[in-house]
Amino acid sequence: MTKIGLEIHCQLTKLESKLFCSCKADYRGFEPNTNICPVCVGLPGSLPRLNKKAIEKATVIAMALNCQTPQKIAFFRKNYFYPDLPKNFQITQLNIYGPTSIGQEGKISVEGKEIQIRRIQLEEDPGRLIYEGSSERTQITLVDYNRAGTPLVEIVTEPDFENPKQVRLFLNILSDLLENLGVSDPSLEGAMRADANVSIEGGSKVEIKNINSFYDLEKALHFELTRQQSLAERKIEIIQETRHWDDKRKITISARSKEEEEDYRYFLEGDIPWVKIDSKTVERLKEGMPESISSKKIRYENYGIPTQVADILSSEKYFSDFFQKYLDYSNLVINKKLGVPNNFNEIEEFDKKYHSFAKEGANIITTDLMGLLDNKEKRNASKLTAEHLSDLVNAILENKITRHSSKTVLQTMVKTGKPISEIISEFALEQVSDDAILSTMIDEVIKEESKAVEEAKLNPEAINYLVGKVMKKTKGQADPTLTLNLLKKKIS
Ligand SMILES: [Zn+2]
């Protein structure tokens, strides 16, 4: 049986400062070795000061992954020599004296399969090594310590994955979850990294490191499984080792025999006392947690939004936040229109209207807006507000414009931020729902399409072709229901 386990490193990119000093947690954009201080480069005599916010954010992650959180946490030194590690030890966590890591024994469900989280620990990121030069011989390695000390949460799973696809789905869920919690921006380069351990029936565990993207992780897993299976078929022993993913050659290569925990000579970090996390703090953090993706999804479905749309919308933080603002504003609009409901019928009417706003708004966001704002630059430049979208949906629901014309309105709003009334008159988008005007146009279509008219008389479904022709004549602005009714009357 295939067993895959993961170690995922996730930077807390939304924090202001590093884990043990006041240098910036978001080191991106700095000149090399300028976002550093005596603490994060480990100068003798410097003392770490623990970032309280990092503990809180990590605890929130642990709770969101259904972990148990301990009342006291401890930090340990993990000793090893590597050029990216200025102190020659990393401050991290380990459960030597009972569960003292930030979280343990969590779980997350991936398409019905439960993946258990063994442990979550808070630690510091090392610096970055940059390789220059083309061949092994001419290669130069540069060290940049700007990243050293960035708060990192390591999530260790049990070897519960049975195939690479489950791994990919899990990482997508995890990445959405972290973004939704507001603790990290997983789209930043290097903000989320994963190592994997892989074994097949009867073989030793092999660890794969050095994987830069989730896309490569899936490939690395496929490669490694094939390699192990082919060894097993030839009755060659699969040895326990660490292998690196070579993303140029798309293969894993043997790096070193795997270290055991004792090789790191872990000991308690004497410069940081144990930290108590009392029940009051846990309660406060729980209350401050944003609505989870799954509960958003259920709420959306209760509005009558189709499952697939609810799925997409709830997992995209930018758009679900926007959708919420839109709903809050639309709520006020409906209140103004209908008054505050105070009996059962009025509540029912209110809900019906609110659900129509929710459905149409979700539809526009997922089918049109997500395409218009598919990257950060476009989102930052967008002039669209929640009020705009609410006005647009209102105009559609009141048959002032067609769903077809709404695309032009939305595009213009995103680009210019103009109010809807201005855009409708500028582009002459007012829906044609005037009987007389439509009637003349329908007469024209009937004259031009005599063959189709005969067909429609025999086959009621063929009438849609004529509706389409009227739509075309009005550049999509004809009221579709009215057109159909008029057409039916005229040709019967
Ligand atoms: Zn520093």
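Select Asn-88 to begin: Asn-88 lies in the loop between β3 and β4. Helices and strands here are DSSP runs, numbered from the N terminus; a helix is H or I over at least four residues, a strand is E over at least two. Residues are numbered from 1 along each chain as its sequence is written. The model is predicted: local features need pLDDT of at least 70, side-chain atom pairs count only at pLDDT 80 or more, and totals for chains, interfaces and linings use all residues.

**Stop 1: Asn-88 and the sheet beside it**

Check the backbone of Asn-88. Its phi is positive, about 70°, although Asn-88 is not a glycine. Is Asn-88 buried or exposed? Asn-88 counts as exposed because it has 11 C-beta neighbours inside 10 Å. The scale counts other C-beta atoms within 10 Å of a residue's own, placed from the backbone: 20 or more is buried, 12 or fewer is exposed, and in between is partly exposed.

Now select β4, β3 and β14. They form an open sheet of 3 strands in the order β4-β3-β14, with antiparallel pairing. The edge strands, β4 (89-92) and β14 (267-268), each pair on one side only. Two strands pair if DSSP finds at least two bridges between them. Strand β3 (residues 76-79) and β14 are joined by 2 bridges. Pick Phe-76 to see one partnership: its bridge partner in β14 is Leu-268.

**Stop 2: the β5-β6 hairpin**

Move to strand β5 (residues 103-110) and strand β6 (residues 113-124). They pair in the antiparallel sense over 7 bridges. Select Ser-109, and opposite stands Glu-114 in β6. The hairpin has 2 residues between the strands. Click on Glu-111, in the loop between β5 and β6. Phi of Glu-111 is near 45°, a positive value in a residue other than glycine. Glu-111 is exposed, with 9 other C-beta atoms within 10 Å.

**Stop 3: β10, β11 and β12**

Strands of a sheet pair through backbone hydrogen bonds, either parallel or antiparallel. Both senses are on show at this stop.

Select strand β10 (residues 192-199) and strand β11 (residues 206-209). They run antiparallel and are joined by 3 bridges. Ala-196 has Ile-208 in β11 as its bridge partner. This hairpin has 6 residues between the strands, and Gly-202 takes a positive phi near 85° there.

Add strand β12 (residues 241-246). β11 and β12 run parallel, joined by 4 bridges. Stay on Ile-208: it stands opposite Arg-243 in β12. Then trace the chain from β11 through helix α3 (residues 214-233) to β12; this β-α-β crossover is left-handed. For reference, a crossover is right-handed if, with the strands pointing away from the viewer, the path from the first strand over the helix to the second runs clockwise.

Pause at Ile-236, in the loop between α3 and β12. Ile-236 is exposed, with 11 other C-beta atoms within 10 Å. Show Gly-203 too: the two are 33 residues apart in sequence and 9.8 Å apart in space, C-alpha to C-alpha.

**Stop 4: two helix crossings**

Select helix α1 (residues 52-64) and helix α2 (residues 164-181). They pack at an angle of about 130°, with their axes 11 Å apart. That makes α1 oblique to α2. Axes are lines fitted to C-alpha atoms, for helices over the stretch in contact, and angles run from 0 to 180 degrees between N-to-C directions. Under 35 degrees counts as roughly parallel, over 145 as roughly antiparallel, 65 to 115 as roughly perpendicular, and the rest as oblique.

The crossing of α1 and α2 is right-handed. A crossing is right-handed if the near helix is turned clockwise from the far one by less than a right angle, and left-handed if anticlockwise. Show Val-60, Ile-61 and Ala-64 in α1; they meet Leu-177, Leu-178 and Leu-181 in α2. Contact means C-beta atoms, placed from the backbone, within 7 Å.

Next take helix α8 (residues 344-372) and helix α11 (residues 403-416). Their axes come within 11 Å and cross at roughly 45°. α8 and α11 are therefore oblique to each other. This crossing is right-handed. On the α8 side, the contact residues are Ile-364, Asp-368, Leu-369 and Leu-372. On α11, they include Leu-410 and Val-414.

**Stop 5: Val-445**

Finish in helix α13 (residues 435-448), which holds Val-445. Val-445 counts as buried because it has 22 C-beta neighbours inside 10 Å. What does Val-445 touch, not counting residues up to four places away in sequence? Display Leu-466, Lys-469, Val-470 and Lys-473. Then zoom out to Gln-93: it lies 352 residues from Val-445 in sequence and 76 Å away in space, C-alpha to C-alpha.

Key: Two residues are in contact if their C-beta atoms, placed from the backbone, lie within 7 Å.
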